[in-house]
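Reader: Could you take me through one part of this structure in some detail, and then show me a few side-chain pairings elsewhere that deserve a look? I would be glad of a connected account.

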Amino acid sequence: MSLSEFNQKDYEIIARDYADLKEAARKRCANEKELAMVQKAFDFANEAHKGVRRRSGEPYILHPIAVAKIVVGNIGLGYKSICAALLHDVVEDTNYTVEDLQNLFGEKIASLVDGLTKIKTVLDNEDKATKKSLQAENFKRILLTLNDDIRVVLIKLADRLHNCRTIEFMPEHKRDKILSETMFIFIPLAHRLGLYEVKSEMEDIWLRFKEPEAFNEITAKINRNINDKDKEIESFIAPIRNELEHAGFRFEIKKRVKSPYSIWKKMMTKGITFEQVYDLYAVRIIFDPTVDTTENERAQCYHIFSIITGIYKFKEDRVRDWVKHPKNNGYEALHCTLMSNTGIWIEVQIRTRRMDDIAEKGIAAHWAYKREGVAGESESQMDKWIQKVQEILVNPDVNALELLDLVHNDLITSDIFVFTPKGEQKSIQKGATALDFAYSIHTHIGHKAIAAKVNYKLVPLSYVLRTGDQVEIITAEDERPKREWLDFVKTRKAKNLISDYLKTERNESTKIGKRILEEQLKNLDLTLDTKYIHRLMNHYGIYEGTPDQLYFRIGAGIIKLNNLRELLKQPKKSKPNFLSWLLKRDAKSDLVINDVSDMEHNFVIADCCKPIMGDSVVGFMETDGTVTVHKKTCPVANSLAAKYGDKIVMPKWKVSQDHAFPIRLSITGVDRIGLLSDIVRYISLVMSINMRRILLESKDGIFEGNIDMYVHDRDALEKMIQKLKRIEGVKSVMRTEL
């Protein structure tokens with residue numbers, strides 16, 4: 001931020017942006033008194049931030065105005081939240097106090113601002129000897145506000161969205177930290193709170209800066225497809241509109257195209273090309289039910305489904321009934337995928353007006369309908385999740401970093417529905433086992449479990465449950481928890497209860513763990529040295545306490561040592577000739593860490609994502625000076641950056657032909673005689689690329705498989721992919737994970 005006098009143009013921009021906000025706020029304010037409070041908050045914030053500019057050079061007050069616009073427009077909050085958004089940086093950035101705001105705007109608005117201010121600060125009286133991740137503590141502060149007023153979290157999400165919108169003005173290392181935090185916590189948080197618009201925009205911004213080439217290419221293809229297919233979509237909608245009008249429904253139909261991020265994510269996870277994303281288009285039917293009851297809404301959704309599937313054929317394995325079983329973020333809708341008359345698959349989403357409001361504005365709309373006495377069966381899901389987060393927060397055994405991982409996992413997991421022997425429906429985390437279910441019923445049942453019956457068939461406790469299963473737990477009084485149970489339980493509750501029970505055997509587990517580690521090290525011709533213990537503790541997130549913490553987790557089966565050789569291997573000390581690293585320590589000086597005089601730094605390519613020259617990469621410096629290099633889009637990198645922003649290193653590739661990187665290509669097409677020979681000849685002779693392994697299988701005239709090889713850089717890889725696509729019979733070629 002900087003100080004300078006505002007000019008006439010600045011004042012005109014401020015007036016224009018506030019006028020837009022005021023118009024939006026007018027629709028959310030119940031009366032002129034509430035609107036006057038919004039005006040008062042703007043006047044106060046405008047004066048407090050007068051003459052202050054952001055990194056972009058624009059007046060600082062434009063940021064609070066933009067946050068307030070998101071609060072009212074994207075989230076649908078009321079005047080107190082709008083006021084808090086306008087005032088959210090006043091206490092931190094000026095001499096005004098929370099007490100000043102309380103006197104001027106009342107206790108609730110002041111407390112919202114106070115909560116937002118606390119999020120941006122670190123814990124007081126922090127002991128440097130037991131220093132924790134400040135970022136993790138900040139996230140803990142965000143989640144602690146769930147105990148008080150969730151509107152603080154919603155306003156913070158709006159603040160983060162606007163910071164993402166203006167992230168281009170940040171230095172690269174700061175930008176990467178913010179984007180990684182956003183992907184690791186804020187995007188899952190927005191999803192969990194049902195804020196689709198906020199989540200989707202943050203995802204697209206993340207992709208635009210993490211993988212700019214992919215973002216631009218996908219965006220260009222989307223725009224071309226919209227122009228090409230718009231008439232086809234309209235002709236697809238026409239008979240649906242006619243039939244629904246004839247049936248007497250009051251409705252509207254909207255068209256939607258998948259976002260660039262959701263397309264990219266599907267391409268990466270499924271290993272497919274843009275052209276193979278068949279559910280690129282969606283049509284949303286939003287109707288007003290004749291009677292506002294859950295049963296009536298559901299019946300009318302099914303009625304519409306029967307009408308449209310009478311017009312078009314539907315893909316049976318693509319029907320998603322979130323009307324009967326809402327998502328754990330409260331989302332309700334009936335989805336199906338239909339084949340148009342022109343041969344393209346189109347997803348159709350059927351929702352009531354209430355369902356659509358909740359899908360777009362999430363928990364704020366959910367509360368509004370709840371106050372009006374109109375709510376679906378999902379109304380308790382959000383409360384259950386908030387209660388679960390609160391249980392994590394008050395657990396004294398969970399430090400901030402562990403909490404960050406726990407909450408992240410809770411945010412990204414989804415639930416399934418199972419039944420007790422008496423037919424009572426229970427929700428449980430997807431991937432949960434029969435033993436997880438036992439612990440969800442009662443601690444004693446979990447401790448005494450020996451087996452289960454699922455759909456009247458005897459199964460082991462490790463059996464993974466599926467939606468619709470009916471589960472009966474078989475117990476025995478002489479049974480007790482075993483360490484190996486920790487290998488397969490999935491829910492936090494089960495893991496905690498088993499670990500708590502095993503703590504009574506902690507001393508024995510610690511001895512066993514130490515012995516296991518000593519034996520494993522001995523097999524590697526290593527001894528139980530302090531540097532190895534320290535490296536392992538860092539790797540497994542044990543930042544406080546003694547080595548006994550590590551030994552206990554090994555002995556209890558929580559930590560496996562399957563990859564011990566990789567974790568402790570010593571990188572070569574020679575100076576790498578294919579990378580140059582630039583670490584921004586402060587605004588005044590740069591430190592080139594592969595300098596001849598700085599040989600203690602070693603550089604390792606991350607095994608999780610295996611970046612190659614030309615990939616967008618980020619590095620993380622460990623305590624021993626090792627820098628591990630990841631792709632910027634790597635989930636592990638996002639997790640590390642979210643927790644340890646101070647350890648980020650921004651690597652820059654140096655042009656070199658002396659190093660080759662392993663990659664894998666996934667290739668599919670129509671088989672023919674000589675095809676394999678043509679592919680091999682091109683790769684080895686024309687491109688002079690060394691193949692490590694080739695596995696192609698053909699069935700019924702269609703072939704698919706993988707080719708592992710070494711390439712020098714991304715440009716050479718992209719060139720080869722384009723050339724391979726031109727070979728007769730080859731339909732798709734994609735880089736996939738090794």
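Author: Happy to; what follows starts with one helix and then moves on to charged pairs and two loop residues. Please keep in mind that this is a predicted model.

Let us begin with helix 28, which runs over residues 714-725. The helix has twelve residues, and from its first C-alpha to its last it reaches 17 Å, close to the 16 Å expected at 1.5 Å a residue. At its start, a side-chain oxygen of Asp713 comes to within 3.2 Å of the backbone nitrogen of Asp715.

Which residues of helix 28 are buried? They are Arg714, Leu717, Met720, Ile721 and Leu724. Looking down the axis of helix 28, you will find these buried residues within an arc of 125°, so they line one face of the helix. An α-helix has 3.6 residues a turn, so residues three or four places apart point the same way. On the other side of helix 28, Asp715 and Lys719 are exposed. The cover over the buried residues of helix 28 includes two helices, helix 12 (212-246) and helix 27 (675-686). It also includes strand 19 (661-670), strand 21 (702-711) and strand 22 (730-736).

Now to a polar residue in another helix. Asn638 is found in helix 26, residues 635-643. With a relative accessibility of 3%, Asn638 counts as buried. Its side chain makes a polar contact with the side chain of Ser180, at 3.2 Å. Leaving aside residues up to four places away in sequence, Asn638 touches Ser180, Met183, Phe184, Trp206, Lys210, Lys632 and Thr633. Two of those neighbours, Lys210 and Lys632, turn up again in a network of salt bridges that also links Glu172 and Asp176.

That brings us to the charged pairs. Side chains of opposite charge can pair when their charged atoms come close. The structure holds 38 salt bridges, and here are three of them.

One joins the side chains of Glu201 and Arg165, at 2.6 Å from N to O. This pair links distant parts of the chain, with Glu201 in helix 11 (residues 196-210) and Arg165 in helix 9 (residues 151-165), 36 residues apart. Glu201 is partly exposed at a relative accessible area of 26%, and Arg165 is partly exposed at 31%.

Another joins Glu332 and Arg354, whose side chains meet at 2.9 Å, N to O. Glu332 lies in the loop between strand 5 (320-321) and strand 6 (334-339) while Arg354 lies in helix 15 (residues 353-361), so the pair ties together parts that are 22 residues apart in sequence. Glu332 is buried, with a relative accessible area of 3%, and Arg354 is buried as well, at 4%.

The side chains of Glu479 and Lys482 form a further salt bridge, at 2.1 Å from N to O. Here Glu479 counts as buried at 14% relative accessibility, whereas Lys482 counts as partly exposed at 30%.

Finally, two loop residues for your backbone check. Asp525 has a phi near 60°, a positive value in a residue other than glycine. Asp525 is found in the loop between helix 22 (506-523) and helix 23 (530-539), and at 72% relative accessibility it counts as exposed. Lys610 is not a glycine either, yet has a positive phi of about 45°. Its place is the loop between strand 15 (602-605) and strand 16 (617-621), and Lys610 counts as partly exposed, with a relative accessibility of 26%.

Note on methods. Residues numbered from 1 in each chain as written. Predicted model: local features only at pLDDT ≥ 70, side-chain atom pairs only at ≥ 80, totals over all residues. Heavy atoms only, no water. Helix = DSSP H or I, 4+ residues; strand = E, 2+ residues; numbered from the N terminus. Expected span 1.5 Å × (residues − 1). Buried < 20%, exposed > 50% of the residue type's maximum accessible area, 1.4 Å probe, protein only. Arc of directions from axis to C-beta. Contact = heavy atoms within 4.5 Å. Polar contact = N/O pair within 3.5 Å; in protein donor to acceptor, adjacent residues only side chain to side chain. Salt bridge = Lys/Arg side-chain N within 4 Å of Asp/Glu carboxyl O.
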